[in-house]
Amino acid sequence: MGAAFDTLLEKVKGEVPCVSVDAARARLNNGATPLLIDVREREAFAEGYIPGAENIPRGFLELQIEGVSNDRSRAILLYGDDSQSALATRDLVNMGYKNVSYIDGGLGAWKDAGYETAKDRPLTKAETFRYARHLIVPEVGERGQGKLLDARVLLIGAGGLGSPAAYYLAAAGVGTVGIVDADVVDVSNLQRQILHGTSDVGRPKVVSAYEKLKDMNPACNVVPHQIYLTSDNVMEVIEPYDIVVNGCDNFPTRYLINDACVFSGKPIVDGSIFRFDGQVTIFPCDKEGPCYRCLYPEPPPAEMAPSCAEAGVLGVLPGTVGLIQATEVVKLILGAGDPLIGRLLMFDALQMSFKNFKIRRDVNCPVCGDNPEITELIDYVAFCSGVNLSELPKEAAG
Ligand SMILES: [Zn+2]
């Protein structure tokens, strides 16, 4: 770099705000966390970064910053190599960002102070090829793909909703996809349950699902659970997973899953279908939003609850609803966008309309409320009607 550049750099450094690594760390650990941006090149970022940092190489900063935050008053901390930081800060100030400063000394000073760093999961060559179209999406990138590959998602049901969700989650690179389904494929399933084919009739759905998903993405760890969920096994089954996708439409399982996820703090991406209507929401199960019992504290009497077989369902409908569920799962894993928490999305296929309804956590909820009455799992099948678990509705999985 020439003398003229050095002079410019000194001038810029004198003009833009700068903080020490200690001050930066204190701000990052504070409740109102600033947006932290690493402006180094991707290769440098891949070797390690300050935890929580987004990577926007300086050459892309002006193009991409508005996609990350359009709020000009948002507090932004950035860091890079010595000369990059001050110049990048000036660029953002020139764009109208009012609260930008850079971390003096960048990652080097951060490490020297003994503070921890983070490192993304490196992708293999095969993964780089397979997920090439993800890697160029700013909200995914190598880092997001790494999160997808590390994610463990459990699908309840390999039926109408579980089929499209499983296909797309496996294709997207979700590393572990577990599937719970005790049923075998029936010819009447094939109108909508696209994981299964005519040659699968009579075979366990989890086996058929396993084969299809492994063919789609051999690296995906597909875990079949050919069981009925009960209070005895549900905690053990969900334990290894980060997110539960509910594709069942029988009430005993819905309540069982809800309570188990509240007890273990795992989010449920919930979907349901009825004729031409679909619904999707996320029950975060961490008091940040409602659970299923906040909306419906107790199950209806067995004779009031239609199963899919009785109610009928348009074959294409679970495709749309299951893929909205899959989309929400991917967003949750990436930490991208605005998840369907506290919102119930209603889809009317006849009108081709989507409506959002606000839903709230109930502080008096029997399971997630402030003084819960339900502190143990309940098997409503046995409790309500005394039927044997093996007599659960055949179409339980939609
Ligand atoms: Zn609740």
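C365 is buried in this predicted model, with a relative accessible area of just 1%. Its SG atom is one of the donors to the zinc ion, which is coordinated by the SG atoms of C291, C294, C365 and C368 at 2.3 Å. Along the chain, these donors follow the spacing C-x2-C-x70-C-x2-C. C294 sits in helix α14 (residues 292-295), while C365 belongs to the loop between β13 (353-358) and α17 (380-385), so this pair ties together parts that are 71 residues apart in sequence. Like C365, C294 counts as buried, because its relative accessible area of 11% falls under the 20% cut-off. The angles subtended by the 4 donor atoms around the zinc ion run from 94 to 123 degrees. The arrangement is therefore tetrahedral, a label that requires all angles to lie between 85 and 135 degrees.

With the metal site in place, the view can widen to the protein chain. The chain holds 398 residues, of which 48% are buried, and its secondary structure comes to 17 helices and 13 strands. The C-alpha trace spans about 85 × 50 × 45 Å along its principal axes. The chain is divided into domain 1, covering residues 3-112, and domain 2, covering residues 151-390. Between the C-alpha centres of these two domains lies a separation of 42 Å. Among contacts with a separation of 6 or more, 67% come from residues 24 or more positions apart.

The strands offer a good way into the fold. An open sheet is built from 5 strands in the order β1-β5-β4-β2-β3, and the pairing is parallel. Its edges are formed by β1 (18-19) and β3 (54-55), each of which pairs on one side only. Strand β1 runs parallel to β5 (residues 100-103), and 2 bridges join them. Within this pairing, C18 stands opposite Y102 in β5.

Further along the chain, strand β7 (residues 176-180) is joined to β8 by 5 bridges, and these two strands also run parallel. One of the bridge partners can be picked out by name: V180 is matched with H225 in β8. Together with helix α11 (residues 205-216), β7 and β8 make a right-handed β-α-β unit.

Just beyond this unit comes Y228, placed in the loop between β8 (221-225) and α12 (234-238). Y228 has a relative accessible area of 27% and is therefore partly exposed, a class that lies between 20% and 50%. A look back to T7 gives a sense of scale: the C-alpha atoms of T7 and Y228 are separated by 72 Å, and the two residues are 221 residues apart along the chain.

Two residues deserve a closer look for their backbone angles. Most residues other than glycine have a negative phi. R275, although not a glycine, has a positive phi of about 55 degrees. Its place is in the loop between β10 (268-274) and β11 (277-283), and at 44% relative accessibility R275 counts as partly exposed. K287, also a residue other than glycine, has a positive phi near 75 degrees. K287 lies in the loop between β11 and α14, and α14 is the helix that holds the zinc-coordinating C294.

Definitions and conventions: Residues are numbered from 1 along each chain as its sequence is written. This is a predicted model: local features need pLDDT of at least 70, side-chain atom pairs count only at pLDDT 80 or more; totals for chains, interfaces and linings use all residues. Side-chain values use heavy atoms; hydrogens and water are left out. Helices (H or I, at least four residues) and strands (E, at least two) are DSSP runs, numbered from the N terminus. Buried means under 20% relative accessible area, exposed over 50%, partly exposed in between (1.4 Å probe, protein chains only). Two strands pair if DSSP finds at least two bridges between them. A crossover is right-handed if, with the strands pointing away from the viewer, the path from the first strand over the helix to the second runs clockwise. Domain bounds come from an automatic or database domain assignment. Donors are N, O and S atoms within 2.8 Å of the metal (3.2 Å for Na, K and Ca); water is not among the atoms, so sites may look incomplete. Four donors count as tetrahedral if all angles lie between 85 and 135 degrees; four count as square planar and six as octahedral if opposite donors are over 155 degrees apart and all others between 65 and 115; anything else is irregular. Contact means heavy atoms within 4.5 Å.
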